[in-house]
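Subject: Structure for your files

Hello,

Here is the structure I said I would pass on. Please open it alongside this message.

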Number of protein chains: 2
Amino acid sequence: MGVMLDNPPSPQSPPSRGGEVFFAKELKLNTDVILLGHGSGGKLSHQLLDELIIPTLSQVAQSDQNDAAILEGIDSTRLAFTTDSYVVDPIIFPGGNIGDLAINGTVNDLAMSGARPLAISVGLILEEGLALAELREVLQAMKAAADKAQVKIVTGDTKVVPRGKGDKIFINTSGIGVFDHDLKILGNAAKPGDKILINGSIGDHGMAVLASREGLDLQSDIATDSMALNHLVTKLLAEFGENVHVLRDPTRGGVATTLKEIALQSQVDICLQETELPITQTVAGACSILGLDPLFVANEGKLLAIIDAEKADAALALMRSQPEGGGAAIIGDVVEKSSGRVMMQTAIGGMRAIEMLAGEQLPRIC
Amino acid sequence: MGVMLDNPPSPQSPPSRGGEVFFAKELKLNTDVILLGHGSGGKLSHQLLDELIIPTLSQVAQSDQNDAAILEGIDSTRLAFTTDSYVVDPIIFPGGNIGDLAINGTVNDLAMSGARPLAISVGLILEEGLALAELREVLQAMKAAADKAQVKIVTGDTKVVPRGKGDKIFINTSGIGVFDHDLKILGNAAKPGDKILINGSIGDHGMAVLASREGLDLQSDIATDSMALNHLVTKLLAEFGENVHVLRDPTRGGVATTLKEIALQSQVDICLQETELPITQTVAGACSILGLDPLFVANEGKLLAIIDAEKADAALALMRSQPEGGGAAIIGDVVEKSSGRVMMQTAIGGMRAIEMLAGEQLPRIC
């Protein structure tokens with residue numbers, strides 16, 4: 001079955017899962033209980049989705065999953081619809097808090113589908129004993145982020161759970177976007193020859209949260225990159241239209257997991273250039289100390305854009321001219337049709353195979 | 001300010017909050033921390049919303065709040081958008097579980113605005129250690145409820161929190177509905193002379209959850225009334241159109257709190273007849289033992305319909321002919337324009353003033 005409603009207007013596309021895309025058919029749920037790794041965004045997450053959640057809730061093929069569901073057939077309007085829950089720990093971290101994260105994340109999931117974000121819902125789950133001052137700071141950050149992204153918070157809900165049954169504050173944001181064009185920006189649209197662009201340095205969000213949570217004393221501070229990318233996407237689509245094949249934000253699971261998802265969806269091989277990956281010295285140093293690979297660390301203000309090679313340099317220039325893209329780079333190529341491999345040419349000249357994040361590298365990073 | 005977007009298409013109505021409506025201007029947040037009662041749906045909830053959440057997130061007046069936000073100006077389409085998080089404890093209870101509750105609740109919030117529910121998002125927050133068998137049971141109930149309501153689950157997200165930082169499973173559902181008519185079904189539309197109808201017995205859901213949680217040994221079982229009401233609403237609107245003035249589902253805070261909200265929004269006095277309130281002997285008995293007032297106990301498959309007096313008997317007959325309305329009754333009248341009082345003529349002939357639920361009668365009931 002598909003997800004057609006019994007009567008039009010009807011959603012015409014399969015369900016999406018806030019950026020989670022699963023293909024690892026070879027895996028089986030070899031546990032009776034939920035593990036932390038099931039929330040990683042990596043292999044275990046995909047396994048849970050593929051083996052249990054998706055077959056139960058929607059029974060659709062997994063080959064066309066994107067960050068937002070597309071609803072068509074509502075009069076002449078095409079809408080995008082997405083949801084994400086935020087459980088980041090700590091709730092306040094350098095450069096942001098769970099509030100602006102929750103707005104930016106959902107705005108970005110809509111933007112990655114090519115839609116213009118329009119309206120956001122906010123579902124709060126508060127733990128008894130949460131300081132009102134912290135709640136106020138989080139709410140103020142939400143409002144500021146929504147204003148900056150030019151989306152409206154139009155509906156909400158507040159629940160309270162007893163002390164010890166939650167953790168300060170969890171936030172769900174769902175979003176509706178509208179398409180101002182007929183472009184189809186989908187994970188299965190990467191083509192051999194395309195260039196892979198990113199709008200700035202990787203790993204900042206994950207390392208900012210981790211450093212804050214663990215009280216790491218780093219030489220210089222790392223701040224989250226949490227940021228709405230819808231204005232940047234609007235400019236990219238206005239300028240380059242159908243030459244923009246794929247847009248996706250590399251959140252949980254990082255750049256590696258996201259590119260692996262795209263490679264599998266588009267059935268192409270992707271080759272990254274390690275020397276082209278933008279990464280700050282502080283993030284690289286912190287990752288090195290902790291034994292983490294920045295390719296798998298979450299970002300919250302970054303997008304991967306897979307663009308026709310002929311337009312790649314111009315798209316890079318446009319990105320760099322924007323406040324969201326000052327550190328943009330071309331980081332790799334789509335090389336050929338295949339079963340969906342991702343490789344990286346390393347700094348010392350070798351080739352390394354990139355797979356999805358296997359376990360839970362950084363729990364509760366978003 | 002309103003909630004207009006800077007550019008059309010734009011949401012034209014103020015934000016809504018899943019049925020939470022606040023007017024108790026006299027109250028002040030006299031605490032520094034979140035209390036369980038802030039999740040009650042009653043006075044403390046309204047106070048938190050009015051004093052902190054709404055002023056921060058939207059800065060709009062509270063006099064036009066409803067269960068779903070209305071988005072207008074997207075081409076020729078009028079949409080409803082709503083969100084609710086579900087934190088009920090236990091997650092499985094007589095007659096249902098958190099899964100079908102989460103679908104029915106959001107379907108009903110859309111239906112109460114007069115919209116036809118179309119698409120639902122699902123945000124899962126799972127606690128590490130949750131049994132997959134329980135998760136499967138919950139997901140299967142979600143799917144069955146969605147099928148029954150004829151809505152599609154189109155997008156989702158899954159997060160995992162460490163053991164002791166959540167409580168098995170929290171679910172957010174957000175929903176989009178579409179209006180097939182030009183009717184405005186709003187909380188401020190009750191008129192003197194209108195009749196107040198309910199589609200069946202009160203308090204079943206709250207008492208089913210409480211009995212299950214506390215292991216109460218009742219003479220006969222109480223099951224939740226959790227049920228989608230969209231098909232019933234469709235029939236009511238098709239038959240009685242603009243004679244249907246207000247629809248609202250009396251969930252947290254129960255019939256009393258919901259009617260008080262409507263009375264305040266519409267600036268009318270409402271008079272209930274205690275002898276007309278449908279309530280099962282088992283629920284009445286359990287409430288009596290526990291010292292609870294069924295008027296304040298949550299329902300999840302009930303609606304209050306405020307209907308032009310001339311059509312009230314016919315609407316009652318229609319409700320009673322439907323599977324969702326076998327126990328329907330006319331329980332009171334809108335008597336006159338006022339500052340928004342609710343009174344109840346008691347069984348022994350006295351008049352009792354009805355206010356909103358003051359504290360937290362039953363925590364985590366939905």
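Below are notes on the contact between the chains, an aromatic pair and the domains of chain A.

Please keep in mind that this is a predicted model.

Chain A and chain B each put 92 residues into their contact. Together they bury about 7600 Å², with carbon and sulfur atoms accounting for 68% of it. On the chain B side, B:Ile34, B:Leu57 and B:Leu132 lose the most area to chain A, together 9% of what that side buries.

Four salt bridges cross the interface of chain B and chain A. One of them pairs B:Asp157 with A:Arg252, at 3.2 Å from N to O. There are also 17 residue pairs in polar contact across this interface. Several elements of chain B supply at least two residues each to the side that touches chain A, including α1 (43–57), α3 (132–149) and β6 (152–161). The largest share, 11 residues, comes from β5(B). By type, that side of chain B has 48 nonpolar, 26 polar and 18 charged residues.

Two aromatic pairs turn up in the whole structure. In one, the ring centres of A:Phe81 and B:Phe81 are 6.3 Å apart and the planes are at 80°, so the pair is edge-to-face. This pair joins two chains, because A:Phe81 lies in strand β3 of chain A and B:Phe81 in strand β2 of chain B.

Chain A is divided into domain 1 (1–75), domain 2 (80–180) and domain 3 (195–354). Seven residues of domain 1 are in contact with 10 residues of domain 2, and the area buried between these two domains is about 580 Å². Zero salt bridges are counted between them, and one residue pair is in polar contact.

Regards

Terms used: Residues are numbered from 1 along each chain as its sequence is written. Chains are lettered from A and ligands numbered from 1 in the order in which they are written. This is a predicted model: local features need pLDDT of at least 70, side-chain atom pairs count only at pLDDT 80 or more; totals for chains, interfaces and linings use all residues. Side-chain values use heavy atoms; hydrogens and water are left out. Domain bounds come from an automatic or database domain assignment. Contact means heavy atoms within 4.5 Å. Buried area is the accessible area (1.4 Å probe) that two parts lose on being put together, summed over both. A salt bridge is a side-chain nitrogen of Lys or Arg within 4 Å of a carboxyl oxygen of Asp or Glu. A polar contact is a pair of N or O atoms within 3.5 Å; within protein, one must be able to donate a hydrogen and the other to accept it, and residues adjacent in sequence count only if both atoms are side-chain atoms. Rings of Phe, Tyr and Trp (its six-membered ring) pair if their centres lie within 6.5 Å; planes under 30 degrees apart count as stacked, over 60 as edge-to-face and the rest as tilted. Helices (H or I, at least four residues) and strands (E, at least two) are DSSP runs, numbered from the N terminus. Ala, Val, Leu, Ile, Met, Phe, Trp, Tyr, Cys and Pro count as nonpolar, Asp, Glu, Lys and Arg as charged, and the others, Gly among them, as polar.
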